[in-house]
Amino acid sequence: MPATVKKPTPIKDLQRVFHYTDTQSRKPTRDNDPYEYQAGWNNRFQSEVIPGTLPAGQNNPQAPRFGLYTEGITYSAFAAPRAHNYSTYMYRVRPSAAHGGYITNLETKAHIENCFLSLNPKVEPLVQQAEWSPFPLPPDDEKIDFVDGLHTLGGSGDPNLREGVALYVYMINADMDHRAFCNTDGDFLLVAQLGNLDIQTEFGKIFLQPGEICVIQRGVRFAIRLGPGVKQARGYITEVWGSMWELPDLGPIGGHGLANPRDFLYPVAHIDENLHENWLIVNKANGKYNAIKLDHSPFDVVAWHGNVIPYKYDLTKFASQNATSVDHTDPSVNCVLTAKSRDPNTPLVDFLWFGPRWDVASNTFRPPYFHRNSATEFLACLYGKGLGRSDAFLPGGGSVEISHTPHGGFDEPYQTEMQLMVNEPRRILENQMTIMVESSRSFLFTEYARGGCGTFHSQGTDPKVWDALPDRFSNYPGIKQILEKVKTDKATRRAQLEEYYDDNKLAAAVGVSTNGSANGNA
Ligand code: FE2
(Lines give C-alpha, C1' and ligand atoms only; values in the text may rest on other atoms or scores of the structure.)
Protein backbone atom coordinates (compact mmCIF):
# COMPACT_ATOMS: atom_id res chain seq x y z
CA MET A 1 0.00 0.00 0.00
CA PRO A 2 1.58 3.36 -0.97
CA ALA A 3 2.38 5.75 1.85
CA THR A 4 -0.19 8.50 2.29
CA VAL A 5 1.22 11.89 1.36
CA LYS A 6 -0.15 14.51 3.71
CA LYS A 7 -0.79 17.66 1.74
CA PRO A 8 -0.50 20.79 3.84
CA THR A 9 -3.52 23.06 3.94
CA PRO A 10 -3.01 26.31 2.00
CA ILE A 11 -2.79 29.41 4.21
CA LYS A 12 -4.59 32.27 2.51
CA ASP A 13 -4.07 34.94 5.19
CA LEU A 14 -0.72 36.43 4.15
CA GLN A 15 -0.20 37.76 7.69
CA ARG A 16 -0.22 34.13 8.93
CA VAL A 17 2.16 32.56 6.42
CA PHE A 18 5.72 31.53 7.19
CA HIS A 19 6.50 32.30 3.56
CA TYR A 20 4.44 33.19 0.47
CA THR A 21 4.71 29.54 -0.69
CA ASP A 22 2.41 28.55 2.21
CA THR A 23 -0.44 29.97 0.10
CA GLN A 24 0.29 27.20 -2.44
CA SER A 25 -0.77 29.74 -5.02
CA ARG A 26 0.49 29.47 -8.58
CA LYS A 27 -0.07 33.18 -9.10
CA PRO A 28 2.70 35.69 -8.37
CA THR A 29 0.18 37.99 -6.65
CA ARG A 30 -2.14 37.64 -3.70
CA ASP A 31 -5.67 36.45 -4.56
CA ASN A 32 -7.29 39.86 -4.04
CA ASP A 33 -4.79 41.74 -6.24
CA PRO A 34 -6.85 42.94 -9.21
CA TYR A 35 -3.99 43.92 -11.51
CA GLU A 36 -1.71 42.40 -14.09
CA TYR A 37 2.07 42.87 -13.80
CA GLN A 38 5.33 42.19 -15.60
CA ALA A 39 7.92 40.29 -13.55
CA GLY A 40 11.64 41.03 -13.44
CA TRP A 41 14.16 43.46 -12.11
CA ASN A 42 15.82 46.49 -13.63
CA ASN A 43 14.82 45.51 -17.16
CA ARG A 44 13.69 47.76 -19.94
CA PHE A 45 10.01 46.82 -19.92
CA GLN A 46 7.37 47.82 -22.44
CA SER A 47 3.58 47.83 -22.42
CA GLU A 48 0.67 48.94 -24.62
CA VAL A 49 -3.04 49.50 -23.98
CA ILE A 50 -3.61 48.92 -27.71
CA PRO A 51 -1.25 46.40 -29.33
CA GLY A 52 0.81 47.99 -32.07
CA THR A 53 0.98 51.45 -30.49
CA LEU A 54 4.71 51.36 -29.73
CA PRO A 55 6.67 52.47 -32.81
CA ALA A 56 8.69 49.61 -34.26
CA GLY A 57 12.45 50.13 -34.60
CA GLN A 58 12.44 53.75 -33.47
CA ASN A 59 11.41 56.00 -30.63
CA ASN A 60 10.37 59.20 -32.41
CA PRO A 61 8.12 58.53 -35.40
CA GLN A 62 6.93 61.50 -37.47
CA ALA A 63 3.37 60.70 -36.46
CA PRO A 64 2.86 58.36 -33.49
CA ARG A 65 -0.09 56.01 -34.00
CA PHE A 66 -3.61 57.17 -33.03
CA GLY A 67 -2.46 60.80 -32.95
CA LEU A 68 -0.52 60.29 -29.70
CA TYR A 69 2.39 62.46 -28.61
CA THR A 70 5.87 61.18 -27.80
CA GLU A 71 7.23 62.26 -24.40
CA GLY A 72 10.41 61.16 -22.69
CA ILE A 73 11.35 61.17 -19.04
CA THR A 74 15.00 60.87 -18.08
CA TYR A 75 16.24 59.81 -14.69
CA SER A 76 19.99 59.66 -15.25
CA ALA A 77 22.41 61.85 -17.18
CA PHE A 78 22.04 61.40 -20.96
CA ALA A 79 25.49 59.88 -21.26
CA ALA A 80 25.49 57.84 -18.03
CA PRO A 81 27.11 54.41 -18.47
CA ARG A 82 24.67 51.87 -19.92
CA ALA A 83 24.16 50.05 -16.59
CA HIS A 84 23.18 53.33 -14.95
CA ASN A 85 21.25 54.88 -17.83
CA TYR A 86 17.56 55.30 -17.03
CA SER A 87 14.77 56.75 -19.14
CA THR A 88 11.28 55.94 -20.37
CA TYR A 89 9.47 56.85 -23.58
CA MET A 90 5.74 57.49 -23.35
CA TYR A 91 3.15 57.70 -26.13
CA ARG A 92 0.35 59.72 -24.59
CA VAL A 93 -2.90 61.50 -25.38
CA ARG A 94 -1.57 64.93 -24.35
CA PRO A 95 2.03 65.81 -23.53
CA SER A 96 2.68 66.91 -19.93
CA ALA A 97 3.73 70.30 -21.32
CA ALA A 98 0.04 70.94 -22.13
CA HIS A 99 -1.18 72.46 -18.89
CA GLY A 100 -2.93 75.46 -17.40
CA GLY A 101 -0.18 76.97 -15.29
CA TYR A 102 1.44 76.65 -11.89
CA ILE A 103 0.31 77.24 -8.32
CA THR A 104 3.18 77.96 -5.97
CA ASN A 105 3.22 77.25 -2.22
CA LEU A 106 0.20 74.99 -2.24
CA GLU A 107 -1.59 74.96 1.11
CA THR A 108 -1.42 71.61 2.85
CA LYS A 109 -2.02 69.80 6.11
CA ALA A 110 1.08 67.69 5.49
CA HIS A 111 4.30 68.17 7.48
CA ILE A 112 7.10 68.10 4.95
CA GLU A 113 10.65 68.87 6.03
CA ASN A 114 13.51 68.08 3.68
CA CYS A 115 16.41 70.24 4.87
CA PHE A 116 18.40 68.01 7.22
CA LEU A 117 21.39 70.23 7.65
CA SER A 118 22.78 71.49 10.96
CA LEU A 119 21.85 75.06 10.02
CA ASN A 120 18.14 74.18 10.09
CA PRO A 121 16.94 74.91 13.66
CA LYS A 122 13.77 72.88 13.10
CA VAL A 123 15.58 69.52 13.03
CA GLU A 124 17.39 67.94 15.97
CA PRO A 125 19.12 64.68 16.84
CA LEU A 126 17.33 62.34 19.25
CA VAL A 127 19.95 61.56 21.83
CA GLN A 128 17.75 59.08 23.66
CA GLN A 129 16.27 55.89 22.27
CA ALA A 130 13.03 57.21 20.90
CA GLU A 131 9.79 55.50 20.16
CA TRP A 132 6.35 56.27 18.85
CA SER A 133 3.03 54.62 19.59
CA PRO A 134 1.05 54.07 16.39
CA PHE A 135 1.07 57.27 14.38
CA PRO A 136 -2.38 58.93 14.58
CA LEU A 137 -4.91 58.20 11.87
CA PRO A 138 -6.92 61.17 10.58
CA PRO A 139 -10.16 62.00 12.45
CA ASP A 140 -13.38 60.83 10.77
CA ASP A 141 -14.66 64.37 10.26
CA GLU A 142 -11.64 65.39 8.20
CA LYS A 143 -10.78 64.06 4.77
CA ILE A 144 -7.04 63.56 4.41
CA ASP A 145 -5.56 62.21 1.19
CA PHE A 146 -1.94 61.28 0.50
CA VAL A 147 -0.96 64.86 -0.34
CA ASP A 148 -2.17 66.09 3.06
CA GLY A 149 -1.38 62.92 5.01
CA LEU A 150 2.38 62.83 4.44
CA HIS A 151 4.61 63.68 7.42
CA THR A 152 8.40 63.70 7.60
CA LEU A 153 9.92 62.09 10.70
CA GLY A 154 13.61 62.58 10.07
CA GLY A 155 16.51 62.28 7.72
CA SER A 156 19.94 63.46 6.70
CA GLY A 157 21.13 65.70 3.87
CA ASP A 158 19.16 67.85 1.45
CA PRO A 159 17.43 67.10 -1.85
CA ASN A 160 18.87 70.24 -3.44
CA LEU A 161 22.33 68.73 -2.99
CA ARG A 162 21.11 65.38 -4.43
CA GLU A 163 22.43 63.88 -1.24
CA GLY A 164 20.63 62.15 1.61
CA VAL A 165 17.62 60.33 2.88
CA ALA A 166 14.29 61.13 4.55
CA LEU A 167 11.82 59.03 6.50
CA TYR A 168 8.04 59.66 6.41
CA VAL A 169 4.78 58.23 7.59
CA TYR A 170 1.49 58.60 5.76
CA MET A 171 -1.93 58.40 7.39
CA ILE A 172 -4.91 58.85 5.10
CA ASN A 173 -8.68 58.32 5.01
CA ALA A 174 -9.49 59.68 1.54
CA ASP A 175 -8.61 59.03 -2.08
CA MET A 176 -6.59 61.52 -4.05
CA ASP A 177 -9.44 63.05 -6.03
CA HIS A 178 -8.21 64.39 -9.37
CA ARG A 179 -4.87 65.12 -7.73
CA ALA A 180 -1.67 63.35 -8.76
CA PHE A 181 1.58 63.46 -6.79
CA CYS A 182 4.98 63.98 -8.35
CA ASN A 183 8.10 63.83 -6.23
CA THR A 184 10.83 65.65 -8.13
CA ASP A 185 13.27 65.30 -5.20
CA GLY A 186 13.92 61.58 -4.87
CA ASP A 187 12.67 58.02 -5.02
CA PHE A 188 9.93 56.89 -2.62
CA LEU A 189 9.98 53.41 -1.12
CA LEU A 190 6.45 52.94 0.25
CA VAL A 191 5.63 50.29 2.85
CA ALA A 192 1.93 49.63 3.45
CA GLN A 193 1.21 48.97 7.13
CA LEU A 194 -2.57 49.40 7.42
CA GLY A 195 -5.11 49.25 4.59
CA ASN A 196 -4.72 48.22 0.96
CA LEU A 197 -3.72 50.95 -1.47
CA ASP A 198 -4.73 51.31 -5.08
CA ILE A 199 -1.85 53.19 -6.70
CA GLN A 200 -2.30 54.59 -10.18
CA THR A 201 0.88 55.62 -11.96
CA GLU A 202 1.51 56.97 -15.43
CA PHE A 203 2.66 53.47 -16.39
CA GLY A 204 -0.24 51.51 -14.89
CA LYS A 205 -1.76 50.39 -11.63
CA ILE A 206 -0.22 48.75 -8.58
CA PHE A 207 -2.21 47.22 -5.71
CA LEU A 208 -0.30 47.44 -2.44
CA GLN A 209 -1.18 45.51 0.72
CA PRO A 210 0.35 45.50 4.23
CA GLY A 211 3.54 43.48 3.90
CA GLU A 212 4.19 44.71 0.36
CA ILE A 213 6.50 47.53 -0.72
CA CYS A 214 6.49 49.78 -3.77
CA VAL A 215 9.14 52.05 -5.28
CA ILE A 216 8.09 55.15 -7.22
CA GLN A 217 10.94 56.96 -8.92
CA ARG A 218 11.67 60.66 -8.98
CA GLY A 219 9.50 62.52 -11.48
CA VAL A 220 6.86 59.82 -12.00
CA ARG A 221 3.27 60.95 -11.43
CA PHE A 222 0.95 58.83 -9.33
CA ALA A 223 -2.33 58.93 -7.40
CA ILE A 224 -3.01 56.93 -4.25
CA ARG A 225 -6.53 55.72 -3.45
CA LEU A 226 -7.86 53.46 -0.71
CA GLY A 227 -8.42 49.84 -1.72
CA PRO A 228 -11.95 48.37 -1.80
CA GLY A 229 -13.61 48.63 1.63
CA VAL A 230 -10.62 50.42 3.17
CA LYS A 231 -11.55 53.41 5.33
CA GLN A 232 -8.09 54.46 6.46
CA ALA A 233 -4.50 53.58 5.66
CA ARG A 234 -1.09 54.08 7.20
CA GLY A 235 2.44 53.28 6.11
CA TYR A 236 6.09 54.29 5.98
CA ILE A 237 8.14 55.89 3.22
CA THR A 238 11.89 56.12 2.83
CA GLU A 239 13.02 58.65 0.23
CA VAL A 240 16.54 58.72 -1.18
CA TRP A 241 18.19 61.75 -2.78
CA GLY A 242 20.99 61.32 -5.31
CA SER A 243 20.76 57.55 -5.05
CA MET A 244 18.36 54.80 -6.11
CA TRP A 245 17.01 51.57 -4.67
CA GLU A 246 18.95 48.53 -5.84
CA LEU A 247 19.08 44.85 -5.02
CA PRO A 248 22.07 44.19 -2.76
CA ASP A 249 24.95 42.09 -4.10
CA LEU A 250 24.83 38.56 -2.75
CA GLY A 251 28.55 37.76 -2.39
CA PRO A 252 29.12 34.13 -1.40
CA ILE A 253 25.35 33.52 -1.24
CA GLY A 254 25.54 33.19 -5.02
CA GLY A 255 22.98 34.05 -7.68
CA HIS A 256 19.77 33.55 -5.70
CA GLY A 257 18.33 34.37 -2.32
CA LEU A 258 17.11 37.31 -0.24
CA ALA A 259 14.74 39.31 -2.49
CA ASN A 260 14.85 37.45 -5.82
CA PRO A 261 14.75 39.58 -9.01
CA ARG A 262 11.79 37.74 -10.59
CA ASP A 263 9.55 38.58 -7.63
CA PHE A 264 9.56 42.31 -8.46
CA LEU A 265 6.40 43.26 -10.32
CA TYR A 266 5.96 46.14 -12.77
CA PRO A 267 2.60 47.47 -14.00
CA VAL A 268 1.09 47.31 -17.48
CA ALA A 269 -0.12 50.35 -19.42
CA HIS A 270 -3.49 51.76 -18.41
CA ILE A 271 -5.39 54.93 -19.29
CA ASP A 272 -8.30 56.68 -17.57
CA GLU A 273 -11.74 56.23 -19.10
CA ASN A 274 -12.49 59.91 -18.87
CA LEU A 275 -9.50 61.79 -20.19
CA HIS A 276 -11.11 65.25 -20.13
CA GLU A 277 -11.49 66.17 -16.47
CA ASN A 278 -9.61 68.79 -14.48
CA TRP A 279 -6.59 67.53 -12.56
CA LEU A 280 -3.95 69.00 -10.29
CA ILE A 281 -0.39 67.67 -10.27
CA VAL A 282 1.10 68.25 -6.81
CA ASN A 283 4.87 68.48 -7.09
CA LYS A 284 7.20 68.06 -4.15
CA ALA A 285 10.21 70.15 -5.15
CA ASN A 286 12.97 70.74 -2.61
CA GLY A 287 10.57 69.75 0.15
CA LYS A 288 7.84 72.22 -0.84
CA TYR A 289 4.55 71.67 -2.62
CA ASN A 290 3.63 73.46 -5.82
CA ALA A 291 1.03 72.39 -8.33
CA ILE A 292 0.30 72.26 -12.07
CA LYS A 293 -3.25 72.66 -13.36
CA LEU A 294 -4.43 70.30 -16.11
CA ASP A 295 -7.71 70.12 -18.01
CA HIS A 296 -7.00 66.47 -18.81
CA SER A 297 -5.95 63.30 -17.04
CA PRO A 298 -2.23 62.73 -16.44
CA PHE A 299 -3.00 59.01 -16.73
CA ASP A 300 -3.21 58.93 -20.51
CA VAL A 301 -0.09 56.97 -21.48
CA VAL A 302 -1.31 54.49 -24.10
CA ALA A 303 2.08 52.82 -24.56
CA TRP A 304 5.50 53.06 -22.97
CA HIS A 305 8.92 51.46 -22.92
CA GLY A 306 11.83 52.08 -20.62
CA ASN A 307 13.39 51.41 -17.25
CA VAL A 308 12.02 54.22 -15.05
CA ILE A 309 8.93 52.26 -14.01
CA PRO A 310 7.49 51.92 -10.49
CA TYR A 311 7.46 48.39 -9.09
CA LYS A 312 6.31 46.38 -6.11
CA TYR A 313 7.52 43.43 -4.04
CA ASP A 314 5.79 41.15 -1.55
CA LEU A 315 7.96 40.85 1.58
CA THR A 316 6.48 37.41 2.35
CA LYS A 317 8.49 36.14 -0.65
CA PHE A 318 11.84 37.05 0.95
CA ALA A 319 14.21 34.05 0.80
CA SER A 320 15.90 34.41 4.18
CA GLN A 321 19.50 33.30 4.82
CA ASN A 322 21.03 32.83 8.24
CA ALA A 323 23.55 31.03 10.46
CA THR A 324 23.24 27.26 10.27
CA SER A 325 26.11 26.48 12.64
CA VAL A 326 27.05 29.13 15.18
CA ASP A 327 26.64 32.79 16.06
CA HIS A 328 24.20 35.57 15.32
CA THR A 329 24.35 36.75 11.69
CA ASP A 330 24.53 40.49 11.08
CA PRO A 331 21.14 41.92 10.03
CA SER A 332 22.61 42.97 6.67
CA VAL A 333 21.63 39.47 5.57
CA ASN A 334 18.01 40.67 5.81
CA CYS A 335 18.54 43.49 3.29
CA VAL A 336 15.72 43.72 0.74
CA LEU A 337 16.86 46.85 -1.12
CA THR A 338 19.83 49.14 -0.70
CA ALA A 339 20.71 52.67 -1.87
CA LYS A 340 24.36 53.52 -2.42
CA SER A 341 26.13 56.52 -0.91
CA ARG A 342 29.18 58.33 -2.33
CA ASP A 343 31.29 56.15 -0.01
CA PRO A 344 31.89 52.92 -1.94
CA ASN A 345 32.10 50.95 1.30
CA THR A 346 28.94 52.19 3.00
CA PRO A 347 25.37 52.34 1.70
CA LEU A 348 23.32 55.49 2.20
CA VAL A 349 20.46 53.36 3.48
CA ASP A 350 19.39 49.73 3.59
CA PHE A 351 15.79 48.56 3.76
CA LEU A 352 15.59 45.37 5.84
CA TRP A 353 13.03 42.64 6.48
CA PHE A 354 12.40 40.78 9.73
CA GLY A 355 9.81 38.11 8.98
CA PRO A 356 9.26 34.48 9.98
CA ARG A 357 12.30 32.22 9.73
CA TRP A 358 14.03 29.21 11.23
CA ASP A 359 16.49 29.85 14.05
CA VAL A 360 19.00 27.00 14.19
CA ALA A 361 22.44 28.16 15.37
CA SER A 362 23.98 25.84 17.98
CA ASN A 363 25.97 26.77 21.10
CA THR A 364 25.02 30.35 20.40
CA PHE A 365 23.26 33.17 22.15
CA ARG A 366 20.84 33.62 19.28
CA PRO A 367 19.23 37.04 19.81
CA PRO A 368 21.12 40.18 18.79
CA TYR A 369 23.93 41.01 21.19
CA PHE A 370 24.05 44.43 22.86
CA HIS A 371 25.41 46.95 20.43
CA ARG A 372 26.32 50.53 19.59
CA ASN A 373 26.09 50.58 15.81
CA SER A 374 27.46 53.38 13.70
CA ALA A 375 24.16 53.35 11.75
CA THR A 376 20.80 54.92 12.52
CA GLU A 377 18.22 52.16 12.99
CA PHE A 378 14.49 52.83 12.53
CA LEU A 379 12.29 49.83 13.29
CA ALA A 380 8.57 49.55 12.56
CA CYS A 381 6.15 46.69 12.96
CA LEU A 382 3.72 46.20 10.06
CA TYR A 383 1.56 43.55 11.75
CA GLY A 384 1.69 41.06 14.63
CA LYS A 385 3.84 41.50 17.72
CA GLY A 386 6.95 42.62 15.88
CA LEU A 387 10.42 43.09 17.24
CA GLY A 388 9.54 45.99 19.49
CA ARG A 389 11.38 46.66 22.67
CA SER A 390 8.31 47.73 24.67
CA ASP A 391 4.51 47.68 24.66
CA ALA A 392 4.56 51.12 23.03
CA PHE A 393 5.93 49.47 19.94
CA LEU A 394 2.74 48.33 18.23
CA PRO A 395 2.01 47.95 14.51
CA GLY A 396 1.96 51.42 13.01
CA GLY A 397 4.42 52.91 15.50
CA GLY A 398 8.19 52.96 15.41
CA SER A 399 11.44 53.18 17.31
CA VAL A 400 14.81 54.63 16.54
CA GLU A 401 18.39 54.69 17.69
CA ILE A 402 20.68 57.17 15.99
CA SER A 403 24.37 56.38 15.57
CA HIS A 404 26.15 54.77 18.51
CA THR A 405 23.14 54.87 20.85
CA PRO A 406 23.68 51.83 23.11
CA HIS A 407 20.86 49.30 23.12
CA GLY A 408 19.83 45.67 23.11
CA GLY A 409 16.88 43.49 23.98
CA PHE A 410 15.33 43.33 27.42
CA ASP A 411 12.05 41.51 27.17
CA GLU A 412 11.45 38.32 29.12
CA PRO A 413 12.56 35.81 26.44
CA TYR A 414 15.73 37.83 25.91
CA GLN A 415 16.64 37.78 29.59
CA THR A 416 15.97 34.07 29.94
CA GLU A 417 17.63 33.07 26.65
CA MET A 418 21.01 32.59 28.36
CA GLN A 419 19.49 30.24 30.92
CA LEU A 420 17.54 28.33 28.30
CA MET A 421 20.73 27.39 26.39
CA VAL A 422 18.59 26.72 23.28
CA ASN A 423 20.11 24.37 20.73
CA GLU A 424 16.95 23.13 19.02
CA PRO A 425 15.77 24.40 15.63
CA ARG A 426 12.76 26.62 16.10
CA ARG A 427 10.58 28.94 14.07
CA ILE A 428 10.79 32.54 15.18
CA LEU A 429 9.13 35.84 14.33
CA GLU A 430 6.00 34.08 13.08
CA ASN A 431 2.73 35.91 12.33
CA GLN A 432 4.46 39.27 12.23
CA MET A 433 6.39 41.50 9.87
CA THR A 434 8.87 44.14 10.96
CA ILE A 435 10.93 46.43 8.78
CA MET A 436 14.11 48.33 9.50
CA VAL A 437 15.48 51.40 7.76
CA GLU A 438 19.20 51.38 8.51
CA SER A 439 21.23 54.37 7.39
CA SER A 440 24.90 55.22 7.65
CA ARG A 441 23.72 58.78 8.38
CA SER A 442 23.03 60.06 11.87
CA PHE A 443 19.43 61.23 11.45
CA LEU A 444 17.99 64.56 12.52
CA PHE A 445 14.31 64.59 13.49
CA THR A 446 11.52 67.01 12.70
CA GLU A 447 9.26 68.92 15.06
CA TYR A 448 6.44 66.64 13.88
CA ALA A 449 8.38 63.54 14.98
CA ARG A 450 9.54 65.14 18.25
CA GLY A 451 6.05 65.92 19.50
CA GLY A 452 3.80 67.27 16.75
CA CYS A 453 2.52 63.81 15.89
CA GLY A 454 1.26 63.32 19.46
CA THR A 455 2.51 59.76 19.88
CA PHE A 456 6.19 60.44 20.60
CA HIS A 457 7.55 59.06 23.85
CA SER A 458 9.72 61.97 24.80
CA GLN A 459 11.62 60.04 27.45
CA GLY A 460 12.39 57.34 24.90
CA THR A 461 13.18 53.94 26.32
CA ASP A 462 13.75 54.16 30.06
CA PRO A 463 17.42 53.17 30.49
CA LYS A 464 16.37 51.60 33.81
CA VAL A 465 15.01 48.61 31.87
CA TRP A 466 18.54 47.33 31.62
CA ASP A 467 19.01 47.54 35.38
CA ALA A 468 17.09 44.26 35.43
CA LEU A 469 20.22 42.72 33.92
CA PRO A 470 22.25 41.85 37.03
CA ASP A 471 25.99 42.28 37.47
CA ARG A 472 26.76 38.56 37.65
CA PHE A 473 30.48 39.09 37.30
CA SER A 474 30.92 40.84 40.67
CA ASN A 475 29.11 37.99 42.43
CA TYR A 476 31.02 35.21 40.71
CA PRO A 477 32.53 32.97 43.44
CA GLY A 478 36.09 34.10 44.28
CA ILE A 479 36.13 36.84 41.62
CA LYS A 480 38.10 39.25 43.91
CA GLN A 481 40.77 36.62 44.54
CA ILE A 482 40.89 35.76 40.82
CA LEU A 483 41.45 39.43 39.95
CA GLU A 484 44.14 39.67 42.70
CA LYS A 485 45.87 36.60 41.28
CA VAL A 486 45.76 38.09 37.79
CA LYS A 487 47.38 41.27 39.14
CA THR A 488 50.09 39.37 41.01
CA ASP A 489 50.81 37.04 38.09
CA LYS A 490 51.00 40.00 35.71
CA ALA A 491 53.46 41.83 38.02
CA THR A 492 55.59 38.68 38.25
CA ARG A 493 55.57 38.26 34.45
CA ARG A 494 56.48 41.89 33.92
CA ALA A 495 59.35 41.59 36.40
CA GLN A 496 60.53 38.45 34.61
CA LEU A 497 60.34 40.18 31.24
CA GLU A 498 62.23 43.21 32.57
CA GLU A 499 65.28 40.96 33.09
CA TYR A 500 65.62 40.50 29.32
CA TYR A 501 66.10 44.22 28.76
CA ASP A 502 68.93 44.62 31.30
CA ASP A 503 72.31 42.91 30.71
CA ASN A 504 73.20 42.72 34.42
CA LYS A 505 69.83 41.33 35.51
CA LEU A 506 69.79 38.81 32.68
CA ALA A 507 73.34 37.67 33.49
CA ALA A 508 72.43 37.33 37.15
CA ALA A 509 69.28 35.38 36.25
CA VAL A 510 71.20 32.80 34.23
CA GLY A 511 74.19 32.73 36.67
CA VAL A 512 76.76 34.33 34.36
CA SER A 513 79.05 37.22 35.27
CA THR A 514 78.81 40.37 33.22
CA ASN A 515 82.28 39.71 31.69
CA GLY A 516 80.88 36.59 30.07
CA SER A 517 82.06 33.84 32.46
CA ALA A 518 79.81 31.80 34.67
CA ASN A 519 79.46 32.95 38.25
CA GLY A 520 81.74 31.11 40.63
CA ASN A 521 84.06 29.90 37.84
CA ALA A 522 85.93 33.16 37.29
FE1 FE2 B 1 19.98 47.68 16.97
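A residue counts as buried here when its relative accessible area is under 20%. Keep that cut-off in mind as you look through these close-ups of a predicted model.

**View 1. Strand β13 and its buried residues.** Strand β13 covers residues 212-216. Which way do its side chains face? Glu212, Cys214 and Ile216 point one way from β13, while Ile213 and Val215 point the other way. Residues on both faces are buried. With five of its five residues buried, β13 is largely enclosed by the rest of the structure.

**View 2. The neighbours of β13.** Which strands pair with β13? One partner is strand β10, residues 187-194, which runs antiparallel to β13 and is joined to it over four bridges. Look for Leu190, which stands opposite Cys214 in β13. Another partner is strand β21, residues 311-314, and this pairing is also antiparallel, over four bridges. Here Val215 has Tyr311 of β21 as its bridge partner. Cys214 and Val215, which you met in the previous view, point opposite ways from β13.

**View 3. The iron ion and its protein donors.** Which residues hold the donor atoms of the iron ion? They are His371 and His407, each through NE2, and Glu377, which is listed twice through OE. These donors lie 2.0 to 2.7 Å from the iron ion. Why is the arrangement called irregular? The four donor atoms subtend angles of 52 to 148 degrees around the iron ion, whereas a tetrahedral site would need all angles between 85 and 135 degrees.

**View 4. Where the iron donors sit in the chain.** Along the sequence, the donor residues follow the spacing H-x5-E-x29-H. His371 belongs to the loop between β24 (357-359) and β25 (376-383), and His407 to the loop between β26 (398-401) and α1 (412-420), so this pair ties together parts that are 36 residues apart in sequence. Are these two histidines buried or exposed? His371 has a relative accessibility of 17% and counts as buried. His407 is buried too, with a relative accessible area of 8%.

**View 5. A cavity inside the protein.** How many cavities of 30 Å³ or more are there? The count comes to one. The largest cavity has a volume of about 30 Å³. Its lining includes Leu14, Gln15, Val17 and Phe18. Thr316, Pro356 and Tyr383 also line the largest cavity, as do Asn431, Gln432 and Met433. By class, that lining has six nonpolar and four polar residues, with no charged ones.

Conventions. Residues numbered from 1 in each chain as written. Predicted model: local features only at pLDDT ≥ 70, side-chain atom pairs only at ≥ 80, totals over all residues. Heavy atoms only, no water. Donors = N, O, S within 2.8 Å, 3.2 Å for Na, K, Ca; no water. Tetrahedral: all angles 85-135°; square planar, octahedral: opposite > 155°, others 65-115°. Helix = DSSP H or I, 4+ residues; strand = E, 2+ residues; numbered from the N terminus. Buried < 20%, exposed > 50% of the residue type's maximum accessible area, 1.4 Å probe, protein only. 1 Å grid on protein atoms, 1.4 Å probe; cavity = no way out; pocket = protein on both sides within 12 Å on 5 of 7 lines; lining within 4 Å. Points joined across faces, edges and corners; volume = space filled by probe spheres on them. Nonpolar A, V, L, I, M, F, W, Y, C, P; charged D, E, K, R; others polar. Pairing = 2+ DSSP bridges.
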